[in-house]
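Trainee: Can you walk me through this model? I have it open and would like to go site by site.

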Amino acid sequence: MSTVAIEQLKTGMVLADDIFIFENKLLLPKDTELTDYMIHKLEFYSIKKVKVKDSAPSEATAPASSEDDSYSQRLKHSQEFKEFKEEFFKNLYVLKTDFLDIANKDKKIEPEEFLNRVDSIIEHAGSQSVFDMLHCMREYDDSTFVHALNTALICHTFGHWIHLNEDDINALTLAGLLHDIGKIRVSDTIIKKTERLSPTERTMMQAHTVYGYEILKNQDIDERVKLAALMHHEHCDGTGYPKAYEASQITDFAKIVGIIADYDSLTSARPYREALCPFEVIKKFELEGLQKYDPSYIMTFLEHVSNAFINHTVRLSNGETAEIVMINKQFLSRPMVKTETQFIDLTKETNLSIEAII
Ligand SMILES: [Fe+2]
């Protein structure tokens, strides 16, 4: 057993002792094999050193990335990803403090400062797409704040996809960042509950939209940002909340933020389920979601998301590895893929599907 400083920890090391935080709450139990996310958690709670088992495998003994690795694997090992991740978490912790002060102490929102933080994260993606970077971060967290930052980054990307001008992209990014700020006023026991919410709890959870608007309404920011907080769970078919508005009553920014926030939630891990593969999410949207969303925004979004994964390696439901070679515009969740031996059109091989991007 050895004592290791947090900055020296590597993924794969195994804890030799339980780690406790305030009020004797167990953070990580003994024998836990550390992941990047757990190391970030230890940093977040300002734990300086931990005891690890000497026999633990470490990153140093893990196989180095090679030409045979998938694109995602190579990206995860890259310096650019390391820098992107560091910048993401550095800004996340500052944003978290700011959000709490805005919600609880009426701190004035400085849009420029928030947007500079988002820009700085985007710049750290270097030549890689932010979308790919975020895909590699899926295991990291399920918190309101990570979701806010992910949504902001995807809103920024989407703004470019639909050719908004710079001011509108900034406003949309801010709308993504602040859309769930009302959750700060919802009890943590409801936010983190892993079982199905009771009808009363669901009503309390849904109130985050109204709380968000209340928190933002007196701030000197774009009105579209405030209305996105209020309306991002409204659906075009009138099944949303808090007002069950129809399509014509929902603002464009709320429609866009709603799509992106749903996509981010489904592709992120939650306490009660693993992250869904983007193609499973696209299938879910295709099967049950299209009427809920604005047709032009949802189709643009799904088409770009599918295209972002061209040339990526995937695992098929039969366990085989394949590469996505072409998207099928009529059926975005079922592209053409290439295995070692053949091309497979997934619209024809309906017993096969994409299980994971690897
Ligand atoms: Fe929400």
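Mentor: Fine. Keep in mind that this is a predicted model. Start with two residues, Asp 180 and His 233.

Trainee: Asp 180 and His 233, buried or exposed?

Mentor: Asp 180 is buried, and His 233 is buried as well. For that label the relative accessible area has to be under 20%.

Trainee: What do they coordinate, and which other residues take part?

Mentor: They bind the iron ion, together with His 208 and His 232. Asp 180 contributes OD and the histidines contribute NE2, at 2.2 to 2.3 Å.

Trainee: How are the donors spaced along the chain?

Mentor: The pattern is D-x27-H-x23-H-H. Asp 180 sits in the loop between α7 (166–178) and α8 (188–191), and His 233 in the loop between α11 (223–231) and α12 (252–267), so this pair ties together parts that are 53 residues apart in sequence.

Trainee: What geometry does the iron site get?

Mentor: Irregular, with angles among the four donor atoms running from 83 to 175°. A tetrahedral label would need all angles between 85 and 135 degrees, so this site does not qualify. Water is not among the atoms, so a site may look incomplete.

Trainee: Back to the loop between α11 and α12. What is the peptide bond between Tyr 241 and Pro 242 like?

Mentor: That bond is cis, with omega at about 10°. Pro 242 belongs to the loop between α11 and α12, where His 233 is also found.

Trainee: Next, cavities. How many are there of 30 Å³ or more?

Mentor: Four. The largest cavity holds about 90 Å³ of space.

Trainee: Which residues lie nearest the centre of the largest cavity?

Mentor: Glu 234, His 235, Lys 255, Gly 258 and Tyr 293, out of a lining of 14 residues.

Trainee: How does that lining divide into nonpolar, polar and charged?

Mentor: Five residues are nonpolar, four are polar and five are charged.

Trainee: Now the strands. How do β5 and β6 pair?

Mentor: Strand β5 (residues 313–316) and strand β6 (residues 321–326) are antiparallel, with three bridges. Val 314 has Ala 322 of β6 opposite to it.

Trainee: And what happens in the hairpin between them?

Mentor: Four residues lie between the strands, and Gly 319 in this hairpin has a positive phi near 90°.

Trainee: How does β5 pair with β9?

Mentor: Also in the antiparallel sense over three bridges, with β9 covering residues 354–357. Here Leu 316 has Ile 354 as its bridge partner.

Trainee: Which residues have a positive phi although they are not glycine?

Mentor: Asp 31, at about 75°, and His 163, at about 60°, are two to look at. Asp 31 is in the loop between β3 (25–28) and α1 (36–44), while His 163 is in the loop between α6 (144–161) and α7.

Trainee: How exposed are Asp 31 and His 163?

Mentor: Asp 31 is partly exposed, with 45% relative accessibility. His 163 is exposed, at 70%.

Trainee: Since α6 came up, is Ile 154 buried or exposed?

Mentor: Ile 154 is part of helix α6 and is buried, at 1% relative accessibility.

Trainee: How far is the C-alpha of Ile 154 from that of Val 130?

Mentor: The two C-alpha atoms are separated by 7.8 Å, and the residues are 24 apart along the chain.

Technical notes
Residues numbered from 1 in each chain as written. Predicted model: local features only at pLDDT ≥ 70, side-chain atom pairs only at ≥ 80, totals over all residues. Heavy atoms only, no water. 1 Å grid on protein atoms, 1.4 Å probe; cavity = no way out; pocket = protein on both sides within 12 Å on 5 of 7 lines; lining within 4 Å. Points joined across faces, edges and corners; volume = space filled by probe spheres on them. Nonpolar A, V, L, I, M, F, W, Y, C, P; charged D, E, K, R; others polar. Donors = N, O, S within 2.8 Å, 3.2 Å for Na, K, Ca; no water. Tetrahedral: all angles 85-135°; square planar, octahedral: opposite > 155°, others 65-115°. Helix = DSSP H or I, 4+ residues; strand = E, 2+ residues; numbered from the N terminus. Buried < 20%, exposed > 50% of the residue type's maximum accessible area, 1.4 Å probe, protein only. Pairing = 2+ DSSP bridges.
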